[in-house]
Amino acid sequence: WVVIQRGAGTSNGTLSAVTDHGDGTYSAKFVGQTIGTPRTFNAFINGYAISSTLPKVTVSGTAPNCLSY
């Protein structure tokens, strides 16, 4: 059971449901809608926070071709 949530920051948008890729990796798609400060994302496995460095996404006036981590 994996959950990805928006953390701190004011950039905003929609966050999709988590996808299980069946190989030990998971993802969720964030589509930016409102320009703001860098937004972090938190991830939890079975209710326990993942302790790695949180990714940050900033919504700007121009859409990037691709975001990857």
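Here is a short conversation about how terms are applied to this predicted model.

User: Before we start, what should I know about how the residues and values are handled?

Analyst: Happy to help: residues are numbered from 1 along each chain as its sequence is written, and side-chain values use heavy atoms, with hydrogens and water left out. Since the model is predicted, local features need pLDDT of at least 70 and side-chain atom pairs count only at pLDDT 80 or more, while totals for chains, interfaces and linings use all residues.

User: What makes up the protein in terms of helices and strands?

Analyst: There are 0 helices and 8 strands, and the order from the N terminus is β-β-β-β-β-β-β-β. Both kinds of element are DSSP runs numbered from the N terminus: helices are H or I with at least four residues, strands are E with at least two.

User: How do you know that β1 and β6 pair?

Analyst: Two strands pair if DSSP finds at least two bridges between them. Strand β1 (residues 2–6) and strand β6 (residues 39–45) are joined by 5 bridges and run antiparallel, so the rule is met. Gln5, for example, has Asn42 in β6 as its bridge partner.

User: Which other strands does β6 pair with?

Analyst: β6 is joined to strand β8 (residues 56–57) by 2 bridges, running antiparallel, and Arg39 has Val57 in β8 as its bridge partner. With strand β7 (residues 48–49), β6 also has 2 bridges in the antiparallel sense; there Phe44 stands opposite Ala49.

User: What makes Asn46 worth a look in the loop between β6 and β7?

Analyst: In general, most residues other than glycine have a negative phi. Asn46 has a positive phi, near 50°. The hairpin of β6 and β7 has 2 residues between the strands.

User: Why is Asn46 called partly exposed?

Analyst: Buried means under 20% relative accessible area, exposed means over 50%, and partly exposed is in between (1.4 Å probe, protein chains only). Asn46 has 48%, so it falls in the middle class.

User: And why is Ile35 called exposed?

Analyst: The relative accessible area of Ile35 is 57%, so it passes the cut-off for exposed. Ile35 sits in the loop between β5 and β6. Its C-alpha is 9.1 Å from that of Gly13, although 22 residues separate Ile35 and Gly13 in sequence.

User: Ser11 is in the loop between β1 and β2, so is it buried or exposed, and how do you know?

Analyst: Ser11 has a relative accessible area of 0%, so it is buried. Across the protein, 16% of the 69 residues count as buried.

User: What does Ser11 touch?

Analyst: A contact means heavy atoms within 4.5 Å. Leaving aside residues up to four places away in sequence, Ser11 touches several residues, including Ile35, Pro38 and Val57.

User: What makes the approach of Ser11 to Gly36 and Thr37 a polar contact?

Analyst: A polar contact is a pair of N or O atoms within 3.5 Å; within protein, one must be able to donate a hydrogen and the other to accept it, and residues adjacent in sequence count only if both atoms are side-chain atoms. A polar atom of the Ser11 side chain lies 3.1 Å from the backbone oxygen of Gly36 and 2.8 Å from the backbone oxygen of Thr37.

User: Why is the pair of Phe30 and Phe41 called edge-to-face?

Analyst: Rings of Phe, Tyr and Trp (its six-membered ring) pair if their centres lie within 6.5 Å; planes under 30 degrees apart are stacked, over 60 edge-to-face and the rest tilted. By this rule there is 1 aromatic pair. The ring centres of Phe30 and Phe41 are 5.1 Å apart with planes at 70°, so the pair is edge-to-face. Phe30 lies in strand β5 (residues 30–34) and Phe41 in strand β6, so the pair ties together parts 11 residues apart in sequence. Both Phe30 and Phe41 are buried.
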